[in-house]
Amino acid sequence: MPTCREEKRDQIHRAALRVFAQRGFHDTTVADIAQEAGIAKGTVYLYYESKDEILIDVFRRYTDAMLDAVDKLLDSALPVPEVLEAFVALQIDLFRKEPDLVQVLSRRSLQALSDGDERMRSFHRYLLDRIARLLDRGTLLNEVRAFDPRVGACVLLAMQETLPLYMSVYGAEASSDTLARVTRELAQFMWCSLRKENPC
């Protein structure tokens, strides 16, 4: 059961995400976040030192959730194509539930912070290493053609990062059927670039 402190941080977190999505990080003030959360500006400072720290918390919560889910998925014994489809579905489901997060991530606000690039690089490095291990496994099982798994991991992650763009442009009008189709097609696109047999 969350404590009162955790609930207040969640309240500030959700308010900040809404305001960052609407106004952008640079045009948002701590006072804007406090107003959106329905609390005094001073209360925000009891939980966060600055709006930079709030943005870092937004990113940390996103990466923690993603990495937990990705670890479980990549540690499974599923064949590579099923892992890819589940990977895409995981991201689409998160963005469908958190449309404000799509806006914040697509604006790449975190990179504006002094250590933002390093945080993003660390997150990407972890994901790329895990994906490269998946591709190595696929090569050993004779499912994936032989090539540098780090290059393949970069390509797959770059494809995956088209999802925030898709969701920010078309997400509001996308039905569940459309999102299911997007999941299948992007996973198939990924698999066609990797599979050992003739291209799709």
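Which helix is L165 found in? Here are some notes to read alongside this predicted model.

1. **A nonpolar patch.** L165 belongs to helix 9, which covers residues 162–170. Together with V169 and Y170, L165 makes a nonpolar surface patch of about 300 Å². L165 counts as exposed because its relative accessibility is 56%, and the cut-off for exposed is over 50%.

2. **Helix 4 and its cap.** Helix 4 takes in residues 51–74, and its 24 residues should span 34 Å at 1.5 Å a residue. The C-alpha atoms at its ends are indeed 34 Å apart, so the expected and modelled spans agree. At the N-terminal end of helix 4, S50 acts as a cap, with a side-chain oxygen 3.3 Å from the backbone nitrogen of D52.

3. **Salt bridge between D75 and R130.** The structure holds 11 salt bridges. In one of them, the side chains of D75 and R130 meet at 2.6 Å, N to O. This pair links distant parts of the chain: D75 sits in the loop between helix 4 and helix 5 (80–97), while R130 is in helix 7, 55 residues apart. D75 is exposed at 56% relative accessible area, whereas R130 is buried at 6%.

4. **Salt bridge between R23 and D32.** Here the side chains meet at 2.8 Å, N to O. R23 is partly exposed, with a relative accessible area of 43%, and D32 counts as buried at 14%.

5. **A pair within helix 10.** E185 and R181 form a salt bridge at 3.3 Å, N to O. Both lie in helix 10 (residues 176–194), 4 residues apart, which is about one turn of the helix. An α-helix has 3.6 residues a turn, so residues three or four places apart point the same way. Both E185, at 44%, and R181, at 33%, are partly exposed. Elsewhere, salt bridges that share partners join D10, D57, R60, R61 and D64 into one network.

6. **Helix 7 and the loop after it.** L127 lies in helix 7 and is buried, with 3% relative accessibility. The C-alpha atoms of L127 and D115 are 19 Å apart, with their positions 12 residues apart along the chain. In the loop between helix 7 (116–140) and helix 8 (149–160) you will find N142. N142 is not a glycine, yet has a positive phi of about 65°. N142 is partly exposed, at 48% relative accessibility.

7. **Cysteines.** A search of the whole structure finds 0 disulfides. C4 is exposed, at 60% relative accessible area, and C154 is partly exposed, at 42%.

Methods
Residues are numbered from 1 along each chain as its sequence is written. This is a predicted model: local features need pLDDT of at least 70, side-chain atom pairs count only at pLDDT 80 or more; totals for chains, interfaces and linings use all residues. Side-chain values use heavy atoms; hydrogens and water are left out. A disulfide is a pair of cysteine sulfur atoms within 2.5 Å. Buried means under 20% relative accessible area, exposed over 50%, partly exposed in between (1.4 Å probe, protein chains only). Helices (H or I, at least four residues) and strands (E, at least two) are DSSP runs, numbered from the N terminus. The expected span of a helix is 1.5 Å times one less than its number of residues. A polar contact is a pair of N or O atoms within 3.5 Å; within protein, one must be able to donate a hydrogen and the other to accept it, and residues adjacent in sequence count only if both atoms are side-chain atoms. Patches are made of residues with over 30% relative accessible area and no salt bridge: like charges are joined within 9 Å, nonpolar side chains (Val, Leu, Ile, Met, Phe, Trp, Tyr) within 5 Å. Accessible areas come from the Shrake-Rupley method with a 1.4 Å probe; for residues, only the protein chains shown count as cover. A salt bridge is a side-chain nitrogen of Lys or Arg within 4 Å of a carboxyl oxygen of Asp or Glu.
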